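Hi there,

Here is the structure I promised to pass on. Please have a look first, and my notes follow below.

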Amino acid sequence: MRTWRNRPRRTCRAPRPSPSSRCRIQPSSRCRTVPSSRCRTVPSSRCRPQRSRRCRTPPSSPCRFQPPSRCRTPPSSRCRFQPPSWHRAVPFRWCRSAGPPRSAGAVSAVRGICGEGRRADAPPPPPRSRSVKRPIRSVASGRLVSLGGASGGGSDRQRWGPAGRARAFRASVSAVSHPFLDRADLRTRVRQALGDFLHRRRTRLAEIELEALAPVADAVEALVLQGGKRLRPAFAYWGYRGAGGPDEDAVVAAVAALELVQASALIHDDVMDGSETRRGEPAVHRRFATLHEEAGWRGDPAGFGTAAAILLGDLCLVWSDEMLHASGVAPEALGRARPVFDEMRTEVTIGQYLDVQTQATGDTSTARASLVARFKSAKYTIERPLLLGAALAGASQTLAKAYEGYGLPLGEAFQLRDDVLGVFGDPAVTGKPAGDDLREGKRTYLIAAALENGAPAAVFDELLGNPELDAGGVARLREVIVDSGALRRTEDRIGHLTGEALAALDGAQVTEEAREVLTGLAQAATQRTV
């Protein structure tokens, strides 16, 4: 019998079977070759998968197109992986598809369904050397454009700078491992609830239009799942537990809906401010502008990115409502929580408008800055989440009033800390360029305090709000702010508001564990660096 060594064929390196077995895997328990029309194999114990241009499944794939009890993907599904939690999907560039992708959407669709990562509760992947280089393909054409690291980064990261900034930001968020943020394993459970919900929404989008909507699911998941301190769900959950509510997964899913409200606000805020990055990655409107450019579509890429981001922000707001209702909490609890949830979304939207209107009018009073901070951030970050948790637990009006006394000043202190980080924060930690708030011309309490303290208005008129502000201009404004005493005044106000909040908590009738955690969360919210 002639062996493959004597044959000129190079594709699959196996003897040609009989015509009746064309394109079929022989019934061997050890054969794991993809059933491709160009692959040939025999029922031999030495049969191994051949990775060629026509055999697109790498040996590392956990699902070898065999149907054992744990492999859920039939050979006919053509890469439409909907993996369970243990299944690590095949990287998108090795998925079998009908020829090379014809458009950016095609590549994104395959990436969106097959995925490159793994779920939070999946087993860790096998170790891989950092020196290994893997091919990176253009989002638009699928052509090889460069070699990336082992993590398989895409063209977006190359375009928008080193992936190290994104990794540094995610590491800094993970490093916010304040014991009270992680009490009851809350952040892990919130992420799991969000992942399960977004997985179901991805499936629904794929049913509507796989190729066009996979980038939508990718963008939402990247923003919601890959970053965030989960402060809002934490305040809601411990507001619920402080009112005597028992620990329930349904409640965790309900408070996790706050992260989708936050995602909506961030997406719209980046559009209004013209921000280039968010959490170390391109902002959503820039992400879709890049998709438009690389695909070579018609029209203005920036306009497409802005329109897509507005719609994605709206979609996140819709999904927040859906996640709350599908959480599994009792209908009577939902009825109590519904008014709080609605009021919170109204307030944050009004706060966004007040912020835009303040920049347009040039109002630089500290009173106006405090009003904007209260509605744009303070209420929906701490006060309303606390009241949402209280409503889910059926708390008394007395406790709700105590939560208001704790949440509102603490929420304003949280926003003041955010203002300080927007001017003096480290980009590698915050995930945004240094001095971004100065380029955007934000009339924050920090700026208002500097002007009230006698800082030269001419400097702010010249530099504040200049989108081309360089490092020298940022340094100049920082110097003026510090010299005027505005930074110290802002830090003092943060301390005063935090003390006011803790005093209100001392008089609240809450469980001792919740009192301990809420005291710790006050520190996490106001003494942070990210």
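A question to start with: is R345 buried or exposed? R345 is buried, because its relative accessible area is 17%, and the cut-off for buried is under 20%. Please keep in mind that this is a predicted model.

Let me stay with R345 for a moment. This arginine sits in helix α9, which covers residues 331–361. Setting aside residues up to four places away in sequence, R345 touches V261, L317, S320, D321 and R338. One of these contacts is also a salt bridge: D321 pairs with R345, with 3.4 Å between the closest N and O atoms. The two partners come from distant parts of the chain, 24 residues apart, with D321 in helix α8 (residues 301–325) and R345 in helix α9. D321 has a relative accessible area of 23%, so it counts as partly exposed, whereas R345 is buried.

Helix α9 takes part in another pairing. D355 forms a salt bridge with K376, and here the closest N and O atoms are 2.7 Å apart. This pair also joins distant parts of the chain: D355 belongs to helix α9 and K376 to helix α10 (residues 366–393), at a separation of 21 residues. Both D355 and K376 are buried. They also belong to a network of salt bridges that links D269, D273, D355, K376, E440 and K442.

What about a pair within one helix? R488 and D492 form a salt bridge with their closest N and O atoms 3.8 Å apart. They are four residues apart in helix α17 (residues 486–506), so about one helical turn separates them. R488 is exposed, with a relative accessible area of 53%, while D492 is partly exposed at 45%. Across the whole structure, the search finds 32 salt bridges. As background, side chains of opposite charge can pair when their charged atoms come close.

Now for the nonpolar side. The largest nonpolar core has 81 residues, and the members that touch the most others are F235, L392, Y406, L518 and L521. If neighbours within four places in sequence are left aside, F235 is in contact with T381, I382, P385, L386, Y406, L410, L518 and L521. There is also a second, separate core of 23 residues, with L416, V459, I481 and A486 among them. In soluble globular proteins, nonpolar side chains tend to be buried together.

Helix α11 deserves a look too. It runs over residues 397–424, 28 in number, and spans 40 Å from its first C-alpha to its last, close to the 40 Å expected at 1.5 Å a residue. Of those 28 residues, 20 are buried, so α11 is largely enclosed by the rest of the structure.

Finally, some totals for the chain:

- There are 18 helices and four strands.
- Of the 530 residues, 50% count as buried.
- Among contacts with a separation of 6 or more, 69% are between residues 24 or more positions apart.
- The exposed area is about 24400 Å², and carbon and sulfur atoms supply 51% of it.

If you open the model, you could begin at R345 and D321 in the salt bridge between α9 and α8, then move on to F235 and its contacts.

All the best

How values were computed
Residues numbered from 1 in each chain as written. Predicted model: local features only at pLDDT ≥ 70, side-chain atom pairs only at ≥ 80, totals over all residues. Heavy atoms only, no water. Core = buried A, V, L, I, M, F, W, Y, C linked by side-chain atoms within 4.5 Å. Buried < 20%, exposed > 50% of the residue type's maximum accessible area, 1.4 Å probe, protein only. Contact = heavy atoms within 4.5 Å. Helix = DSSP H or I, 4+ residues; strand = E, 2+ residues; numbered from the N terminus. Expected span 1.5 Å × (residues − 1). Areas by Shrake-Rupley, 256 points an atom, 1.4 Å probe, with all protein chains shown as cover. Salt bridge = Lys/Arg side-chain N within 4 Å of Asp/Glu carboxyl O.
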